[in-house]
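Colleague: I should be grateful for a close look at a single part of this model. Please take one strand and describe its surroundings in a connected account.

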Amino acid sequence: MIRFALAAVAVLFAAIPARAAVYIQEITSPGGITAWLVEEHTIPFAALEIRFKGGGTLDAPGKRGAVNMMTGLLEEGTGDLDAQAFAAARESLAASFGFDARDGSLSVSARFLTENRDEAIGLLRGAMVEPAFDPDAIERVRAQILSILGSEAKDPNEIARRTFDELAFGDHPYGSQINGTPESVAALTRDDLLAAHRATMARDRVFVGAVGDITPEELGALLDTVLGDLPETGAPQVDRAPNLLSGGVTVVPFDTPQSVLLFGHEGITRDDPDFFAAFVANQILGGSGLRSRLTREVRVNRGLTYGIGSYLVNMDQADLVLGQTSTVNARVSESLDVIRDQWADIAENGVTEDELNEAKTFLTGSYPLRFDGNGPIARILAGMQMQGLPIDYVATRNDRVDAVTMEDVRRVAARIYRPDDLHVVIVGEPEGLEASN
């Protein structure tokens with residue numbers, strides 16, 4: 001028996017009028033797998049988003065990169081289908097599958113026509129439950145990853161990110177890169193990939209969003225087909241990451257005319273009562289558009305960069321406030337002074353009424369634009385579940401933004417923006433600036 005609850009949610013849906021009322025249904029399959037569903041029968045296709053909590057953080061000790069490599073092999077064949085035969089079968093069904101691993105989640109995205117649903121789901125089940133991990137495919141994907149690692153080693157943005165993560169998180173999985181290292185990737189065996197599959201793709205950590213031409217009963221049967229034969233439990237989730245950052249500057253020498261700056265410190269959790277106030281405050285400081293303080297002061301008024309922004313980063317086991325920009329080596333020090341000044345000013349003086357109203361207008365107005373098709377909505381549904389958000393969040397989110405007051409922003413800005421704790425990683429050859437640690 002399919003069990004489901006309904007929640008009326010106003011969203012922008014691709015096949016129906018903007019802001020029409022649709023229903024998010026929470027359904028439970030006969031096998032006990034839960035999913036959120038938005039039915040839309042106007043167009044005969046559906047999108048499915050499956051997320052497994054943990055992702056690359058579940059790499060076994062000494063096997064960094066195994067989950068990433070395993071994920072890259074899921075579309076490389078199953079059963080008697082090699083990679084080419086699998087791709088041909090998928091294309092003949094006009095189906096689309098995507099597999100992606102990150103630190104925190106492993107995602108499977110699928111789109112399929114109603115008339116080909118059973119065949120497409122059978123093919124997807126094979127990829128997820130019985131991947132072939134053929135030796136030839138393993139070596140091909142290994143070579144691709146090693147090539148990516150080689151390119152990343154020459155990319156100042158990747159170097160900055162890797163350095164910042166190492167400083168922030170140390171030996172925690174967040175402190176290393178999901179792709180692994182050339183040494184760890186070269187050493188991975190087929191047994192390592194099988195172990196990574198068992199560790200990550202289990203039913204005790206799965207979240208599902210579905211949108212389109214499918215009923216609750218049909219989705220319940222589909223879930224049991226695709227996921228029912230996966231292990232019931234996987235590897236234990238990792239502990240919360242340590243906060244190892246302290247204020248200062250780290251310079252990574254790199255021969256380039258323009259330095260990359262990545263800066264930040266500990267942030268605010270997604271379930272904190274002040275999160276929406278922090279969300280609005282970040283929009284004012286360094287959010288999207290040309291009106292943020294960082295963009296205005298660093299780019300528009302001084303011409304120090306073509307782009308700069310800040311953002312709240314919420315991971316399962318860590319939270320950060322980050323910003324990033326790049327500028328010519330001769331103006332790094334000046335750029336950094338302006339960034340620090342703005343970081344301190346919003347903490348000490350808060351924001352203006354005009355800034356608050358403009359930020360809330362942008363954040364509430366841009367939100368519906370995310371719901372621009374079955375696939376994006378399915379991804380949103382799965383993401384909401386992973387973050388522990390309520391089923392009516394889409395309907396209430398803008399109200400929460402609108403409810404943020406001037407006093408809320410001033411209070412949270414003084415709390416989360418800590419200029420003395422700001423750590424800056426600079427990759428390049430900044431002139432007149434030395435590392436402080």
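Modeller: The model is a predicted one, and the part I have chosen is strand E13, residues 423-428. Six of its six residues are buried, so the strand is largely enclosed by the rest of the structure. The covering extends to both faces: His423, Val425 and Val427 are buried on one side, and Val424, Ile426 and Gly428 are buried on the other.

Two pairings of E13 may be described in turn. Strand E9, residues 248-253, runs parallel to E13 and is joined to it by six bridges. Within this pairing, valine 249 has valine 424 as its bridge partner in E13. Strand E10, residues 258-266, runs antiparallel to E13, with five bridges between them. Here valine 427 of E13 stands opposite valine 260.

A helix residue also belongs in this account. Threonine 163 lies in helix H5, which spans residues 156-169. Leaving aside neighbours within four places in sequence, threonine 163 is in contact with Val425 as well as with Thr250 and Val252. Threonine 163 itself counts as buried because its relative accessibility is 13%, and the cut-off for that class is under 20%.

On the question of enclosed space, the structure holds two cavities of 30 Å³ or more. The largest has a volume of about 50 Å³. Its lining consists of Lys53, Gly54, Thr57, Gly104, Tyr174, Gln237, Val238, Asp316 and Gln317. By class, two of these lining residues are nonpolar, five are polar and two are charged.

Conventions:
Residues are numbered from 1 along each chain as its sequence is written. This is a predicted model: local features need pLDDT of at least 70, side-chain atom pairs count only at pLDDT 80 or more; totals for chains, interfaces and linings use all residues. Side-chain values use heavy atoms; hydrogens and water are left out. Helices (H or I, at least four residues) and strands (E, at least two) are DSSP runs, numbered from the N terminus. Buried means under 20% relative accessible area, exposed over 50%, partly exposed in between (1.4 Å probe, protein chains only). Contact means heavy atoms within 4.5 Å. Two strands pair if DSSP finds at least two bridges between them. On a 1 Å grid over the protein atoms alone, a cavity is a set of points where a 1.4 Å probe fits but cannot get out, and a pocket is an open set with protein on both sides within 12 Å along at least five of seven lines; lining residues have an atom within 4 Å of a point. Grid points are joined across faces, edges and corners, and a volume is the space filled by probe spheres set on the points. Ala, Val, Leu, Ile, Met, Phe, Trp, Tyr, Cys and Pro count as nonpolar, Asp, Glu, Lys and Arg as charged, and the others, Gly among them, as polar.
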